[in-house]
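Here is a note for a colleague who is meeting this structure for the first time. Please keep the sequence and the model open while reading the points.

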Amino acid sequence: QVHLVDFGGGSVQAVGSLRLSCAASSDAVSRYCMAWFRQAPGKAREGVAAVETSGMSSYADSVKGRFTISKDNAANTLYLQMNSLKPEDTAIYYCAAALPIYCSGGYWQFESTYNYWGQGTQVTVSS
């Protein structure tokens, strides 16, 4: 069983920055494929970024060049640095964990790939 607690959300003006964190139980960050998803009101949950156990990262086109996913294996923590925020980035952000084999080949972006989820943290970007 993997427990994830995500935090760091808040309200920020457009072009501002936020850093989200996700604290994981045991050594999950080093053993699992880790990802960030988001869900805006009235929309489906979508994959934002993922990092595999190798350290290789993937991003949704909508956040490439603005968001950076990283992890600290020693601290069992996953991060999402969000820069140049836009109002359309407003959503609840969730961290998630999946067995590494399921994250390859583009499957990282699918909600069904992940077995474990954080409780979510709200990000609100005003114009």
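The numbered points below go from the nonpolar cores to single residues in strands and loops, and then to the largest pocket.

1. A word of care comes first, since this is a predicted model. The values quoted in the points below should be read with that in mind.

2. The largest nonpolar core has 31 residues, and those with the most contacts inside it are Leu-4, Trp-36, Leu-80, Met-82 and Tyr-93. At least two residues of this core come from each of the following elements: strands S3 (18–24), S4 (33–39), S5 (46–51), S7 (67–72), S8 (77–82), S9 (91–98) and S11, together with helix H1 (28–31). A second, separate core is made of nine residues, among them Ala-35, Ala-50, Trp-108 and Tyr-114.

3. Leu-80 gives a view of the surroundings of one core residue. Leaving out residues up to four places away in sequence, Leu-80 touches Leu-18, Arg-19, Leu-20, Trp-36, Val-48, Ala-49, Phe-67, Thr-68, Ile-69 and Tyr-93. Trp-36 and Tyr-93, which are in this list of contacts, are also named with Leu-80 among the residues with the most contacts inside the largest core.

4. Thr-121 belongs to strand S11, which covers residues 121–126. Is Thr-121 buried or exposed? Thr-121 counts as buried because its relative accessibility is 10%, and buried here means under 20%. Its side chain reaches the backbone nitrogen of Gly-9 at 3.0 Å, and Gly-9 is also one of the residues that Thr-121 touches when residues up to four places away in sequence are not counted. The others on that list are Asp-6, Phe-7, Gly-8, Leu-20, Ala-91, Ile-92 and Tyr-93.

5. Gln-39, found in strand S4, is partly exposed, with a relative accessible area of 28%. The side chain of Gln-39 reaches the backbone oxygen of Lys-43 at 3.1 Å. With neighbours within four places in sequence set aside, Gln-39 is in contact with Ala-44, Arg-45, Ala-91, Ile-92 and Tyr-94. The C-alpha atoms of Gln-39 and Tyr-93 are separated by 6.6 Å, although these residues are 54 residues apart along the chain.

6. Val-5 lies in strand S1, residues 4–7, and counts as partly exposed at 44% relative accessibility. Not counting residues up to four places away in sequence, Val-5 touches Ser-21, Cys-22, Ala-23 and Gln-119. Between the C-alpha atoms of Val-5 and Ser-25, which are 20 residues apart along the chain, the separation is 8.8 Å.

7. The loop between S9 and strand S10 (116–117) holds Leu-99, and Gln-109 lies in the loop between S9 and S10 as well. Leu-99 is partly exposed, with a relative accessible area of 38%, and Gln-109 is partly exposed at 41%. Beyond neighbours within four places in sequence, Leu-99 is in contact with Tyr-32, Cys-33 and Asn-115, whereas Gln-109, with residues up to four places away not counted, touches Phe-37 and Gly-47. A polar atom of the side chain of Gln-109 lies 3.1 Å from the backbone oxygen of Gly-106.

8. Two loop residues deserve a check of their backbone angles. Most residues other than glycine have a negative phi. Val-15, however, has a positive phi of about 70° although it is not a glycine, and phi of Ser-84 is also positive, near 50°. Val-15 is placed in the loop between strand S2 (10–13) and S3, and Ser-84 in the loop between S8 and S9. Which label does the relative accessible area of Val-15 support, buried or exposed? Val-15 is exposed because that area is 69%, and exposed here means over 50%. Ser-84, at 39%, is partly exposed.

9. The largest pocket contains about 160 Å³ of space. It is lined by 13 residues, and the closest to its centre are Arg-38, Ala-40, Lys-43, Glu-46 and Glu-88. How do the residues of the lining divide into nonpolar, polar and charged? The lining has seven charged residues, three polar ones and three nonpolar ones. Lys-43, one of the residues closest to the pocket centre, is also the residue whose backbone oxygen is reached by the side chain of Gln-39.

Technical notes: Residues numbered from 1 in each chain as written. Predicted model: local features only at pLDDT ≥ 70, side-chain atom pairs only at ≥ 80, totals over all residues. Heavy atoms only, no water. 1 Å grid on protein atoms, 1.4 Å probe; cavity = no way out; pocket = protein on both sides within 12 Å on 5 of 7 lines; lining within 4 Å. Points joined across faces, edges and corners; volume = space filled by probe spheres on them. Nonpolar A, V, L, I, M, F, W, Y, C, P; charged D, E, K, R; others polar. Helix = DSSP H or I, 4+ residues; strand = E, 2+ residues; numbered from the N terminus. Buried < 20%, exposed > 50% of the residue type's maximum accessible area, 1.4 Å probe, protein only. Polar contact = N/O pair within 3.5 Å; in protein donor to acceptor, adjacent residues only side chain to side chain. Contact = heavy atoms within 4.5 Å. Core = buried A, V, L, I, M, F, W, Y, C linked by side-chain atoms within 4.5 Å.
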